[in-house]
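Me: I am new to this structure and would like to go through it step by step. Please take my questions one at a time.

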Amino acid sequence: MKTLFRKPAPRKPLLRDRSGQALVEIALVTPILLLLILGVVELSRAWNAHQVLTNTAREALRSAVVDDPTFSQEALHGRIGELLTVASLDPSKVEVSFEGWRSGTGSPARIRLRYPYEFTFLAPLFELSTGKSSVTLSTAFIMRNE
């Protein structure tokens with residue numbers, strides 16, 4: 001005679017069941033990986049802003065030391081503002097220190113630019129660790145007047 005009930009399939013012990021292991025590992029690693037990627041992107045943006053600032057200082061000082069009587073300090077600040085605007089940096093935030101302009105052929109002229117760079121993605125984490133959400137990028141050049 002046949003029975004109407006089937007014998008239940010043997011169960012796996014609960015401690016050996018690994019069906020959710022990959023999901024738990026992804027849940028643990030994903031925030032760390034995203035933080036690392038955002039950190040690389042943020043530091044790359046800051047490095048790019050520093051490179052733009054350095055190039056701006058070099059170009060502005062080169063324009064100033066060439067013997068051109070029509071070039072003025074207003075033109076120097078205008079050139080700095082133009083180069084920073086092209087790179088999507090706010091020219092009103094830059095601090096310019098310029099000395100030695102037109103002090104005679106062969107004498108040194110100096111320029112120093114300082115720019116407060118505000119972090120975008122990592123501002124809360126940076127503020128938590130250092131107490132401020134920005135860093136001041138600075139660059140300086142010395143060239144001889146021609």
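The questions and replies below concern a predicted model.

Me: How are helix 1 and helix 2 oriented towards each other, roughly parallel or roughly antiparallel?

Reply: In this predicted model, helix 1 covers residues 21–65 and helix 2 covers residues 73–86, and their axes are 9 Å apart. The angle at which they pack is about 150°. Angles over 145 degrees count as roughly antiparallel. Helix 1 and helix 2 are therefore roughly antiparallel.

Me: What is the handedness of the crossing of helix 1 and helix 2, left-handed or right-handed?

Reply: Helix 1 contributes Val-52, Leu-53, Thr-56, Glu-59, Ala-60 and Ala-64 to the contact, and helix 2 contributes Leu-76, Arg-79, Ile-80, Leu-83 and Leu-84. The crossing of these two helices is right-handed.

Me: How many residues of the contact of helix 1 with helix 2 are nonpolar?

Reply: The contact includes Glu-59 of helix 1 and Arg-79 of helix 2; residues of these two types count as charged. Across the contact, 2 residues are charged and 1 is polar. The number of nonpolar residues is 8.

Me: Is Ala-64 buried or exposed?

Reply: Ala-64 belongs to helix 1. Leaving out residues up to four places away in sequence, Ala-64 touches Phe-71, Leu-76, Phe-98 and Trp-101. Its relative accessibility is 3%, and the cut-off for buried is under 20%. Ala-64 therefore counts as buried.

Me: How far apart in space are Ala-64 and Val-86, C-alpha to C-alpha?

Reply: Along the sequence, Ala-64 and Val-86 are 22 residues apart. In space, the C-alpha to C-alpha distance between Ala-64 and Val-86 is 20 Å.

Me: Which residues form the aromatic pair in the whole structure?

Reply: A search of the whole structure finds 1 aromatic pair. The ring centres of this pair are 5.5 Å apart, and the planes are at 90°, an edge-to-face arrangement. Both residues are buried. The pair is Tyr-117 and Phe-119.

Me: What is the relative accessible area of Ser-134?

Reply: Ser-134 lies in strand 3, residues 134–144. Beyond its neighbours within four places in sequence, Ser-134 is in contact with Tyr-117, Glu-118, Phe-119 and Phe-126. Tyr-117 and Phe-119 are also the residues of the aromatic pair. Ser-134 is buried, with a relative accessible area of 17%.

Me: Which residues does Ser-107 touch, not counting residues up to four places away in sequence?

Reply: Ser-107 sits in the loop between strand 1 and strand 2. Ser-107 is buried, at a relative accessible area of 17%. The residues it touches are Met-143, Arg-144 and Asn-145.

Me: What is phi of Ser-88 near?

Reply: Ser-88 is in the loop between helix 2 and strand 1, and counts as exposed at 67% relative accessibility. Most residues other than glycine have a negative phi. Ser-88 is a residue other than glycine with a positive value, and its phi is near 65°.

Me: How far from Glu-99 is Gly-131, by their C-alpha atoms?

Reply: Gly-131 is in the loop between helix 3 and strand 3. Gly-131 is exposed, with a relative accessible area of 56%. Gly-131 and Glu-99 are 32 residues apart along the chain, and their C-alpha atoms are separated by 33 Å.

Methods: Residues are numbered from 1 along each chain as its sequence is written. This is a predicted model: local features need pLDDT of at least 70, side-chain atom pairs count only at pLDDT 80 or more; totals for chains, interfaces and linings use all residues. Side-chain values use heavy atoms; hydrogens and water are left out. Axes are lines fitted to C-alpha atoms, for helices over the stretch in contact, and angles run from 0 to 180 degrees between N-to-C directions. Helices (H or I, at least four residues) and strands (E, at least two) are DSSP runs, numbered from the N terminus. Angles under 35 degrees count as roughly parallel, over 145 as roughly antiparallel, 65 to 115 as roughly perpendicular and the rest as oblique. A crossing is left-handed if the near helix is turned anticlockwise from the far one by less than a right angle, and right-handed if clockwise. Contact means heavy atoms within 4.5 Å. Rings of Phe, Tyr and Trp (its six-membered ring) pair if their centres lie within 6.5 Å; planes under 30 degrees apart count as stacked, over 60 as edge-to-face and the rest as tilted. Buried means under 20% relative accessible area, exposed over 50%, partly exposed in between (1.4 Å probe, protein chains only).
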